[in-house]
Amino acid sequence: MIHDLGREEMLILENIEGILKMVAELYGMEGATADTQLSLKQVDHLSYLFLVGLDDEGRFLPLSSVFKEWEEDREKKLPIGTITSTIKRLLKEQKDKDAKHQTFEVMRLEKKTMLRSGTAQSPLRGKDVRIVECSESYVYILNSTHRVSVIGCMDCTIFVGAAVSLSINACSRLKIIATAKNCRVSNCVDTTVYLCTNHKPIVIGDTRAVVFGPYNASYDQFERDAKVVGVDPTKNTWDDYYAPIGVSASSSAFSGSPNTDQHLPTLPASAVTLLPPEKFFPFVVPIAKESEPTISSGVTPAPQAAPLPPKYAEIIERRKAEVEALRKAVRTAQSKYADDGKQGGSSGQDLQSVVQDYFREWLITSGNLRQINDLVKLEEEFSKAAGK
């Protein structure tokens with residue numbers, strides 16, 4: 001029911017009555033108590049904290065849908081005490097179910113690369129995934145999952161094939177590429193999320209310099225995984241984020257009785273921005289479809305999986321043209337130097353050595369050389385396991 005696991009679940013359990021009283025005070029009910037009554041619409045302001053289910057059309061159900069009282073009478077008001085006990089009971093029921101639900105954990109990776117797609121003996125599909133306190137690492141979750149929680153990670157690149165619910169909490173300098181039915185970002189700094197989703201991403205807490213971009217991965221299993229979690233790539237709402245924020249009930253921003261979210265204050269403009277098209281680059285998942293989990297050579301990456309907004313698609317096409325022009329120029333120069341070499345001048349080999357030296361330097365300075373070395377080692381391990 002709740003998006004995240006563990007600490008956030010306990011936080012809600014311990015403070016739900018106080019949170020409901022804050023909602024009451026925002027509507028002018030000063031000194032709210034357990035007997036203070038709230039309407040269905042007022043309680044639904046907290047829907048962003050919970051994942052209670054989906055309707056027949058795949059849309060998220062509001063929090064009020066779990067209350068039988070409102071099934072019978074939508075105009076009825078319920079005491080805060082009744083609402084609190086119902087939510088606590090449902091959270092406890094979910095916690096009991098979660099205790100039986102398998103969770104795959106990635107804990108405290110440091111300067112490493114991990115790829116996981118699951119096996120017949122240890123399937124990953126449908127599991128909960130927790131990626132916790134990793135640093136300077138690359139993590140690839142190559143399957144459709146249930147809930148993915150990324151907590152306290154720093155300087156990492158994380159790829160998630162697909163998830164019903166994705167939560168990113170207390171991370172910094174993170175790049176994450178994911179397909180998710182639902183996405184929430186909280187208390188993150190300098191984090192870029194390349195997203196394919198059909199629902200508003202939610203941004204809460206002390207969040208600064210968070211950037212949303214359109215899904216940028218070349219991933220062979222994209223269509224399969226997106227279908228499993230119920231995401232339609234043609235209806236990507238990556239740029240339509242929702243940023244509720246809590247303030248004191250005495251704030252002038254809440255004068256009167258707000259009935260819609262347009263009365264709520266928003267995060268500062270600098271807290272969340274959209275990725276400029278000129279900074280958009282594709283991301284290639286290093287897995288070959290025909291020989292999973294063999295590492296792909298990357299020579300011919302899969303096509304862009306999700307449709308791109310026109311401005312971003314134009315940038316990609318422009319870059320392709322620039323790369324092809326550069327290749328042509330290098331081939332022409334190599335041919336010229338080869339001819340000069342026959343006459344005692346510089347050879348094409350000299351130019352090739354210069355290009356290779358610059359490329360090697362870029363690999364080292366960008367940190368990509370470590371990932372390549374890790375992938376080579378993983379390829380050797382996969383080959384040995386397959387008896388090749």
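**Strand β7 and the nonpolar core**

Student: In this predicted model, in which sense do strand β6 (residues 138–151) and β7 pair?

Tutor: Strand β6, residues 138–151, is joined to β7 over 11 bridges. One position along this pairing places Ile-151 opposite Asn-169 in β7. The sense of the pairing between β6 and β7 is parallel.

Student: How many bridges join β7 to strand β8?

Tutor: Strand β8 covers residues 172–186 and runs parallel to β7. Within this pair, Phe-159 stands opposite Ile-177 in β8. The number of bridges that join β7 to β8 is 10.

Student: Why is strand β7 described as largely enclosed by the rest of the structure?

Tutor: A residue is counted as buried when its relative accessible area is under 20%. Strand β7 spans residues 157–169, which gives 13 residues to examine. The strand is largely enclosed because, of those 13, the number buried is 12.

Student: Which residues touch the most other members of the largest nonpolar core?

Tutor: In soluble globular proteins, nonpolar side chains tend to be buried together. Here the largest nonpolar core has 60 residues. Ile-158 has contacts beyond four places in sequence that include Val-139, Leu-174 and Ile-176. The residues that touch the most other core members are Ile-131, Val-150, Ile-158, Phe-159 and Ile-168.

Student: How many residues form the other core, which lies apart from the largest one?

Tutor: This other core has Leu-26, Ala-32, Leu-63 and Ile-80 among its members. Its number of residues is 23.

Student: What percentage of the residues in the chain is buried?

Tutor: The chain contains 8 helices and 14 strands. It has 388 residues, and the buried share of them is 43%.

Methods
Residues numbered from 1 in each chain as written. Predicted model: local features only at pLDDT ≥ 70, side-chain atom pairs only at ≥ 80, totals over all residues. Heavy atoms only, no water. Core = buried A, V, L, I, M, F, W, Y, C linked by side-chain atoms within 4.5 Å. Buried < 20%, exposed > 50% of the residue type's maximum accessible area, 1.4 Å probe, protein only. Contact = heavy atoms within 4.5 Å. Helix = DSSP H or I, 4+ residues; strand = E, 2+ residues; numbered from the N terminus. Pairing = 2+ DSSP bridges.
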